[in-house]
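Subject: Handover of a protein structure

Dear colleague,

Please find below the structure that I am handing over to you. A summary of what was found in it follows.

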Amino acid sequence: MLESDAMTDGSRSNILPSLPIYTMPDHLMEKILIRNVVSEKDRAYLLERTKKHSNIFNKIVESNLQTDIIYVPKESDFEKDPPAVSLLGAFYERQLYYNYEEFMEHFEATKACARENSNYKIKYRTTNSFKNIRLAVHDDKWVIVSKNNTPIVHFIIRHPGFRKLICNYCTDITEI
């Protein structure tokens, strides 16, 4: 659905439990996959999915605004509960976790992407209410609530009142 929707006008926003996969440099994804002992076949598949998500993202921000609200843990919190790489849409059953250096490299790449593209904005949260839940919003069209880990579940909400309720959910956001 997201691929076909990429050419539809309208602002989008995401509340993410981790950094967006479409801003991750290929070399970093490869490094994380190798450190997590992912097979060569699965590495090729996940790198292909990452490129696909990057292409969808690039189509969207060519002419539409996208805002991502991401969770950025403090280093002390990271040790206790590291965030997983967001493989939503890849339908990969294993969780792959960042180490702190990898996360910060991806965070810097995400900030650079926002600086380089006027249609891409990021905001961040220091609390993570839903560790495995992603909310994707296409203004006045739909909201998708996705559970990020296995079993992966997606709910598409088109009801205007429920969409508005979900869109107003996030209040403790700091803009970068």
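The accessible surface of the protein amounts to about 9,300 Å², and carbon and sulfur atoms account for 53% of that area. Please bear in mind that this is a predicted model. Of the 176 residues in the protein, 47% are buried.

As to its secondary structure, the protein has six helices and seven strands. Read from the N terminus, the order of these elements is α-β-α-α-β-α-α-β-β-β-β-α-β. Among contacts with a separation of 6 or more, 72% join residues that are 24 or more positions apart.

The interior may be described next. The largest nonpolar core comprises 32 residues, and Val85 and Leu87 have the most contacts inside it. At least two residues of this core come from each of helix H2 (26-35), helix H3 (40-63), helix H5 (100-116) and strand E3 (120-125). Helix H3 gives the most, namely six residues. With residues up to four places away in sequence not counted, Leu87 touches Ile21, Met29, Leu46, Tyr92, Arg94 and Leu96. Another core lies apart from the largest one. This other core has seven residues, including Ile15, Leu135, Val137 and Ile157.

One residue of helix H2 deserves separate mention, namely Lys31. Is Lys31 buried, partly exposed or exposed? Its relative accessible area is 43%; because this value falls between the 20% limit for buried residues and the 50% limit for exposed ones, Lys31 counts as partly exposed. Which residues does Lys31 contact, once its neighbours within four places in sequence are left aside? They are Glu102 and Glu105. In sequence, Lys31 and Glu102 are 71 residues apart, while their C-alpha atoms are 8.7 Å apart in space.

Finally, I would draw your attention to a pocket. The second largest pocket holds about 180 Å³ of space. It is lined by 14 residues, of which Asp81, Pro82, Pro83, Asn128 and Lys131 are the closest to its centre. Sorted by class, the lining of this pocket consists of six nonpolar, five polar and three charged residues.

Yours sincerely

Terms used: Residues numbered from 1 in each chain as written. Predicted model: local features only at pLDDT ≥ 70, side-chain atom pairs only at ≥ 80, totals over all residues. Heavy atoms only, no water. Core = buried A, V, L, I, M, F, W, Y, C linked by side-chain atoms within 4.5 Å. Buried < 20%, exposed > 50% of the residue type's maximum accessible area, 1.4 Å probe, protein only. Helix = DSSP H or I, 4+ residues; strand = E, 2+ residues; numbered from the N terminus. Contact = heavy atoms within 4.5 Å. Areas by Shrake-Rupley, 256 points an atom, 1.4 Å probe, with all protein chains shown as cover. 1 Å grid on protein atoms, 1.4 Å probe; cavity = no way out; pocket = protein on both sides within 12 Å on 5 of 7 lines; lining within 4 Å. Points joined across faces, edges and corners; volume = space filled by probe spheres on them. Nonpolar A, V, L, I, M, F, W, Y, C, P; charged D, E, K, R; others polar.
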